[in-house]
Every structure is written in C-alpha cells, then in structure tokens.
Amino acid sequence: MILLAQTLLTLSQMMAACATRTAALGIGPAVVEPLYLLFCMSLSKTCFHFSPIRTSLAPMKTPTLNSTFMDLALEQARAAEMRGEVPIGCVVVKDGSVLSSAGNRTLELNDPTAHAEVLAIREAGKKLSSQRLEGCDLYVTLEPCPMCAAAISFARIRRLYYGAGDAKGGGVDHGVRFYSSPTCHHTPDVYSGLAETDSATMLKAFFQGKRD
C-alpha cells in the first residue's frame with residue numbers, strides 16, 4: 001500500500017510537469033488525456049494483480065487445533081512407515097472433527113494412486129456422500145504431488161495445510177505449481193510449514209535407511 005501511494009504521488013508529479021511542458025509546446029489536452037488514461041489502465045493491472053492465498057506457518061506459533069490435526073497426520077505417516085511405505089500421512093477435517101485419515105498404501109494395494117491424500121479424500125467423500133468436500137480442510141505431512149494437488153482442487157478442499165516442502169516431487173510450491181495454473185478451477189488456501197521439522201526428519205530417516 002505504501003509503494004502504491006508513492007507510485008501515485010510520483011505519477012501526479014510527472015503529469016503536472018508533463019502538462020506544463022505540453023502546454024508550452026502547444027499540445028492540447030485532447031491529445032494528452034487519452035494517453036494518460038491508457039497509462040493509468042496499465043498501472044492498475046500491475047498494481048492490483050493478486051495471487052492465490054499463500055501462507056507459511058513456519059515462522060509463527062500455530063493454533064493448537066491445527067497442531068493436533070497435524071499430529072494425527074504424523075501418526076498416519078508413522079503407521080505407513082511400519083508397513084514399509086513412504087511415511088506420509090493425511091487427515092481431512094470438517095467443522096473441527098476428523099472425517100478421515102490415511103497413510104500411503106501404494107505398495108500394499110499395488111496402486112500408484114494410493115497416496116495418503118487420495119485415500120483420505122475418498123473416505124471423506126463416502127462419509128459425506130459427496131464428491132465435493134466443501135468446507136473441509138486437509139492436513140498432510142508432505143507437500144502434495146501434482147496428482148494429489150489436483151485431487152484436492154477437484155474435491156473443493158477449503159484449506160490445505162502441509163508440513164515439509166518437496167522440491168523434487170511437490171506440485172504446490174514446487175514443480176508445476178498446480179494452483180497457479182490457468183486450468184485449475186479451484187484453489188484452496190495453502191498453509192505450509194506446519195510440523196515441518198517432524199515431517200522432514202521422518203522422511204529423511206526413512207530414505208537414509210533404504211540407502212544403508
């Protein structure tokens with residue numbers, strides 16, 4: 001807002017100087033005013049371009065309720081690890097109550113789409129008898145991949161909370177950045193960094209164990 005005020009002040013000063021100059025050259029307002037209008041329209045498009053809501057929770061204290069739901073997602077991630085799956089867990093919440101929870105089961109089900117988010121969304125849809133989970137929030141320990149980001153959008157999830165970022169496979173803040181795509185018809189509010197350290201530590205330990 002301060003930057004915009006400074007820009008408008010500078011613009012008014014420039015236009016005053018321009019008016020004095022054009023008057024001295026014998027150029028009338030009929031020529032200057034249309035050019036001024038075009039310039040203002042261009043400026044408004046630049047100054048008032050808004051991006052989808054994007055917030056990081058990492059540097060701030062998160063609400064206890066959010067932490068509790070992410071703790072449940074972490075429990076699902078640990079359960080997935082015990083099954084030999086990549087430790088990712090997810091919880092879907094509506095009106096303060098857990099609708100569904102799941103961890104990765106791609107190996108168990110021989111299903112490459114059986115990510116924690118997809119399984120949790122499916123279960124929540126069954127409970128609500130609806131393909132759309134409007135008013136629901138989703139908590140997941142790792143940044144969703146492009147497939148899961150799309151599923152979250154199609155399900156009309158209200159808010160997405162995720163823990164650790166995924167520079168290699170993420171589809172929200174990395175890679176395709178699905179919610180910034182013109183083909184994305186619903187964008188949830190996104191909050192990152194919730195229990196980020198716990199999520200990242202679990203994943204690093206899991207993959208380190210695979211390499212050892």
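Student: How many salt bridges does the count come to by this rule?

Tutor: Good place to start! This is a predicted model, where local features need pLDDT of at least 70, side-chain atom pairs count only at pLDDT 80 or more, and totals for chains, interfaces and linings use all residues. Residues are numbered from 1 along each chain as its sequence is written, and side-chain values use heavy atoms, leaving out hydrogens and water. A salt bridge needs a side-chain nitrogen of Lys or Arg within 4 Å of a carboxyl oxygen of Asp or Glu, and by this rule the count is four.

Student: Which residues are linked with Arg 83 in a network of salt bridges?

Tutor: Let's take the pairs in turn. Glu 108 forms a salt bridge with Arg 83, their closest N and O atoms being 3.6 Å apart. Arg 105 also forms a salt bridge with Glu 108, at 2.4 Å between the closest N and O atoms. So the network links Arg 83 with Arg 105 and Glu 108.

Student: Is Asp 137 buried or exposed?

Tutor: Asp 137 meets Arg 158 in a salt bridge of 3.0 Å, N to O. Buried means under 20% relative accessible area, exposed over 50%, and partly exposed in between (1.4 Å probe, protein chains only). At 35%, Arg 158 is partly exposed. With a relative accessible area of 6%, Asp 137 is buried.

Student: Which residues are exposed on the other side of helix 7, away from its buried ones?

Tutor: Helices here are DSSP runs (H or I, at least four residues), numbered from the N terminus. The buried residues of helix 7 are Ser 199, Met 202, Leu 203 and Phe 206. On the other side, the exposed ones are Thr 197, Lys 204 and Arg 211.

Note on methods
Helices (H or I, at least four residues) and strands (E, at least two) are DSSP runs, numbered from the N terminus.
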